[in-house]
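Let's take a walk through this structure together, one piece at a time. Have a look at it first, and then read on.

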Amino acid sequence: MSFERPDGLTRRSRGAAAGGGFADLHATRDPDRLDDDEKVGGRDDYDPHSTADLEDEEELGDKHTRLNLMEQVLLMGIKDREGYTSFWNDCISSGLRGCLLVELALRGRIDLEPATMRRRELSLRKVVCKSDTPTGDAILDEALRHIKEAEPTMTVSSWIELLSGETWNPLNLKFQVRNTRERLAKNLVEKGVLTTEKQNFVLFDMTTHPVSNPSSKQNLIKKVQESVLNKWVNDPHRMDKRMLSLLLLANASDVLENAFAPLPDKDYELVLRRVNSLLSLEYETECLKEGSNAVMWAVFNFFK
């Protein structure tokens, strides 16, 4: 099963609605849409509750409001006033599952099996559990249990599809992490970033989560913009792993445009070129370099 992706960072549309992505996509049913009826730096041992990991406290204020990759991508995609992601975005579901795998890898919980002559390519190497120590995050721990208990082990592409529920085998539905978007939104509500409202859409009511703390999202957007402007380093291995992952997975989720759309034309053209340079990398080659996180590059490779 494959997911359709934009071929790169495309130019913004002047008439595009806020909250849209880099490309207009056909709407499909999303397993974790916000429906009421479906209720290079970075350390690999990241702990959101550890003061040692608070080098970027300005992002959202304190350790209690630190956001993981999934929460950051969702926050970038949610429309501030409406409180939901674009109905035309059919990429964010799989993109969030990619964030989930990268988050587990950066926290030292999972890795790829060692490369062999038969399984040298990233797409063929299986995901293995390095540590089953709980992360303290319910969604991450649920996925970690699935990966630990799966027999036989599976590749990154298989896990993204299974965690998304994109499988024709009913026996594999047990691996789906359900209602991911709604659960992430509730996490953001608990952290004081979003709020919860009910909206009537004529034929049905829907729970939405508008932004209640605009500065939190503005700080995130500013940090993303600065990573490809003032703080740009022309080497992915010198970039913070989390920021590199956020850029590429926000693009895979079709929400990165939201961060760059407000920029002046000159800056917008510059970030366009720089992000496209990341998208055009040979991820198989990058993974072989010292200090690389194999799962991270395998996830990037899946969305390429």
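Before we start, one word needs pinning down: a residue is buried when its relative accessible area is under 20%, exposed when it is over 50%, and partly exposed in between, using a 1.4 Å probe and protein chains only. Helices and strands here are DSSP runs, counted off from the N terminus, with helices being H or I runs of at least four residues and strands being E runs of at least two. What you're looking at is a predicted model, in which local features need pLDDT of at least 70, side-chain atom pairs count only at pLDDT 80 or more, and totals for chains, interfaces and linings use all residues. Residues are numbered from 1 along each chain as its sequence is written, and side-chain values use heavy atoms, leaving out hydrogens and water.

Now the overall view. The protein chain holds 11 helices and 4 strands. Of its 304 residues, 53% are buried. Its accessible surface, worked out by the Shrake-Rupley method with a 1.4 Å probe, comes to about 14,500 Å², and carbon and sulfur atoms account for 49% of that.

How confident is the predictor? That's what pLDDT tells you, residue by residue, on a scale from 0 to 100. The chain's mean pLDDT is 84, with 79% of residues reaching 70 or more. Residues 14-31 have a pLDDT below 50, and in the model this stretch makes 39 contacts beyond near neighbours in sequence, where a contact means heavy atoms within 4.5 Å. Residues 33-64 also have a pLDDT below 50, with 76 contacts in the model beyond near neighbours in sequence.

Let's move on to helix α4, residues 156-164. With 7 of its 9 residues buried, α4 is largely enclosed by the rest of the structure. The buried ones are V156, W159, I160, E161, L162, L163 and S164. What covers them includes helices α2 (92-106), α3 (138-149) and α11, along with strands β1 (110-112) and β2 (127-129). Right after α4 comes G165, with a positive phi near 80°. On the other side, the loop between α3 and α4 contains P152, and the peptide bond leading into P152 from E151 is cis, with omega near 0°.

Strand β2 is worth a stop of its own, as it's home to C129. C129 has a relative accessible area of 29%, so it counts as partly exposed. Leaving out residues up to four places away in sequence, C129 touches R109, I110, L144 and K148. The C-alpha atoms of C129 and I147 are 6.6 Å apart, though 18 residues separate them along the chain. Follow the chain into the loop between β2 and α3 and you'll find P134, which is exposed at 58% relative accessible area. Beyond its neighbours within four places in sequence, P134 is in contact with R109 and D141. R109 and P134 are 25 residues apart in sequence, and their C-alpha atoms are 8.9 Å apart.

Since we've met a cysteine, how many disulfides does the structure hold? The count is 0, taking a disulfide as a pair of cysteine sulfur atoms within 2.5 Å. Elsewhere, C91 is buried because its relative accessibility is 1%, and C287 is buried too, at 12%.

Next up is helix α6, residues 214-227. The expected span of a helix is 1.5 Å times one less than its number of residues, so the 14 residues of α6 should cover 20 Å, and the end C-alpha atoms are indeed 20 Å apart. Its buried residues are S216, K217, L220, I221, V224, Q225 and S227. An α-helix has 3.6 residues a turn, so residues three or four places apart point the same way. The cover over the buried residues of α6 includes α1 (69-77), α7 (241-252) and α8 (257-260).

Finally, a few loops. D254 sits between α7 and α8; its phi is positive, near 60°, in a residue other than glycine, and D254 is buried at 2% relative accessible area. N179, in the loop between α4 and α5 (180-190), has a positive phi as well, near 50°, and is buried at 11%. N293 lies between α10 (283-287) and α11 (294-303) and is buried, at 6% relative accessibility. A polar atom of the N293 side chain lies 3.2 Å from the backbone nitrogen of V295.

Note on methods. Polar contact = N/O pair within 3.5 Å; in protein donor to acceptor, adjacent residues only side chain to side chain. pLDDT = per-residue confidence, 0-100.
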